[in-house]
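These are my notebook entries on one protein chain. I set down what I looked up, from the whole chain to a single sheet.

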Amino acid sequence: MAIFHMRSQTIDRSKGRSVVAAAAYRAGDNLWDERYEENRNFTRKRSIVHSEIFLPEGASEEFRNRETLWNAVEKSERRKDAQLAREIEVALPRELNEADRLELVRSFVQENFVSLGMIADVSIHCPIAADNKIAPHAHILLTMRPVSESGFGPKKERLWNSKEVYEYWRTSWEDLTNGMLAARGIDARIDRRSYADRGLDLEPQIKEGAARPMQERVRENDPHFTAERTAKNEQIQARNWHRITVNPSIVVDALTDKAASFTEQDVARYLHRWLGEDMTEEQTRLAFDTMKARVLASDETVFLGKDEEGNKRYSSRSLLRAERDLVDMADKMQGDRLHGDATAHQNDVLSYSKLSGEQVAAVRHVTGPERLALVSGLAGTGKTTMLDEAAYVWSKGGYQVKGLTLSATAAQQLEDGATIRSQTIAQFFWRLNNLKPNDDAYPRLNAKTVLVVDEAGMVGSRQMRDVLAVAQQYGAKVVAVGDAEQLQPIQAGAPFRVLEARLGAARMVDVRRARNADDREATVALGSGRPRDALEYYDRKGAIREVTSSAQVVAETARAYLADAAEIGGENVLVLAHRRADIREMGSRHESVLYVRLE
């Protein structure tokens with residue numbers, strides 16, 4: 001299960017620590033420590049799968065050498081109590097493959113540290129955890145002074161030490177990770193919020209790390225042995241189980257925090273996490289069955305019916321209330337026709353545009369007087385281009401446009417493609433709730449503000465409700481743009497689909513990325529729930545190949561990948577598979593083939 005874990009610490013000289021030793025240990029490297037005249041050799045350390053140094057603009061290339069970099073840091077700090085470096089440690093989702101985990105870390109480091117002027121020394125470890133599964137995580141060592149071609153500056157950047165910046169990093173990691181998981185079609189999500197912030201009356205357990213398997217082996221030989229952290233976690237586990245027995249709705253709230261519904265199997269998995277090991281098998285079974293029945297009979301639990309596979313599905317009353325509040329607010333906002341100042345400028349702008357007919361209709365729809373407008377369009381239909389023209393119409397009407405997205409990457413794409421200043425939804429609400437109104441980054445809202453929610457099909461019910469609520473509070477307009485069929489929401493619920501069915505939307509189906517008309521029609525067929533029509537077209541076109549074994553699938557895929565990558569670039573080729581095991585196998589095959597090819 002994907003979890004949120006981020007820990008920050010400083011490497012302090014006052015504690016007798018050496019940043020050269022710290023870097024060597026994390027990278028599994030052999031470095032000469034000039035200050036202590038000692039060789040720091042950790043080349044025998046296992047479980048390190050990748051290490052890399054990232055330089056900001058203006059830094060000397062010599063700092064790509066780990067030994068040169070960290071010895072220079074030691075020299076730049078003269079105080080005996082100096083803070084030498086900052087380390088950020090993050091847990092990586094097991095659900096992602098090795099290549100995706102590396103891409104995720106690179107994006108996080110580049111956007112949050114290197115862009116601010118820090119040098120980042122990144123090492124990814126993948127040890128075996130207590131459950132005999134991998135425990136991938138990344139260590140990010142960061143410099144604490146601005147750097148240039150001539151070396152490190154005379155003063156440290158104090159802003160990098162602020163709690164506000166650290167909370168921003170936590171938010172960014174959550175956004176990037178959940179965006180990657182959603183893009184890969186993986187149900188798991190992480191949540192930076194504490195149990196208390198999420199309204200769950202539970203205690204968090206302590207991270208035990210890779211030492212847990214060794215402790216378990218010792219415990220097998222000595223049943224009375226219990227490591228300190230393990231003992232504390234067992235006590236926390238017992239207290240949380242007691243809380244659940246007192247209030248079974250805790251389980252319901254936890255399960256509907258990330259999904260709109262749950263099954264009896266989901267309840268069983270969650271209860272198993274907190275059920276202690278100090279009972280007999282019969283006692284465990286009885287306690288488990290009793291608690292499962294109490295959770296399903298809780299006042300907070302609502303039975304929805306059976307799904308296509310015959311599983312009984314349940315939800316929570318609080319989530320259903322959030323969706324009802326969302327619909328009520330949406331009805332009221334669409335009925336308010338208070339934003340007509342931009343409508344008069346539609347013809348002036350659109351008469352010179354090169355938009356298609358449906359793009360023009362979408363611009364007219366979103367720049368109309370209604371306080372809530374939706375645009376539903378397949379990928380490649382030109383929604384971003386449409387928003388760029390709409391932003392110009394709004395600016396002519398005196399409106400300030402703010403883009404809201406789920407991930408930082410999506411925010412940057414909206415900003416680049418539609419010239420709309422954008423941020424993640426989490427960043428928006430954090431700044432609104434934590435910054436002062438006179439702060440430059442504070443999101444000032446009024447009746448001349450338009451909030452554009454991009455990729456709205458991936459936004460959960462509670463998030464969308466909060467966006468509409470703050471817009472209603474300040475009199476702002478909301479425009480939600482997305483595709484209800486593209487990807488499942490990252491949080492619980494599917495509000496965009498509900499709002500589209502209830503209120504209607506400007507529909508965009510003309511796929512402008514595909515040059516061939518038949519290709520465009522096949523894309524529309526896939527996006528509108530007619531996969532048979534699309535597959536029959538691709539089969540007639542000779543784009544589908546039949547194979548007789550899984551080994552042949554891997555070989556054919558590797559061959560096709562290399563051919564297409566050579567023609568149009570590997571970043572433009574996407575490989576899809578039905579199972580995660582297939583993805584891992586093909587990923588390793590691609591990497592090995594490419595490695596041989598490059599050599």
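The entries below begin with the chain and then turn to one sheet and a helix lying across it.

Entry 1, the chain. I note at the outset that the model is predicted. I counted the secondary structure and found 21 helices and 17 strands. I then looked up burial: of the 599 residues, 48% are buried. For the surface, I recorded an exposed area of about 31200 Å², with carbon and sulfur atoms supplying 47% of it.

Entry 2, contacts. I considered contacts between residues at least 6 apart in sequence, and 68% of these join residues at least 24 apart.

Entry 3, the sheet. In what order do the six strands of the open sheet lie? I read the order as β14-β13-β15-β16-β12-β17, and the pairing is parallel. The edge strands are β14, residues 422-424, and β17, residues 506-508, each of which pairs on one side only. Neighbouring strands here are turned against each other by 20 degrees on average, with direction ignored. I reminded myself that strands of a sheet pair through backbone hydrogen bonds, either parallel or antiparallel.

Entry 4, one strand pair. I examined β12, residues 372-377, and found that three bridges join this strand to β17. The two strands run parallel. Which residue of β17 is the bridge partner of V375? I identified A506 as that partner.

Entry 5, the helix. I looked up helix α16, residues 461-474, and found that this helix lies across β12, β13, β15 and β16. Strand β13 covers 400-405, β15 covers 449-453 and β16 covers 477-482. Helix α16 runs at about 175 degrees to β15.

Technical notes: Residues are numbered from 1 along each chain as its sequence is written. This is a predicted model: local features need pLDDT of at least 70, side-chain atom pairs count only at pLDDT 80 or more; totals for chains, interfaces and linings use all residues. Side-chain values use heavy atoms; hydrogens and water are left out. Helices (H or I, at least four residues) and strands (E, at least two) are DSSP runs, numbered from the N terminus. Buried means under 20% relative accessible area, exposed over 50%, partly exposed in between (1.4 Å probe, protein chains only). Contact means heavy atoms within 4.5 Å. Accessible areas come from the Shrake-Rupley method with a 1.4 Å probe; for residues, only the protein chains shown count as cover. Two strands pair if DSSP finds at least two bridges between them. Axes are lines fitted to C-alpha atoms, for helices over the stretch in contact, and angles run from 0 to 180 degrees between N-to-C directions.
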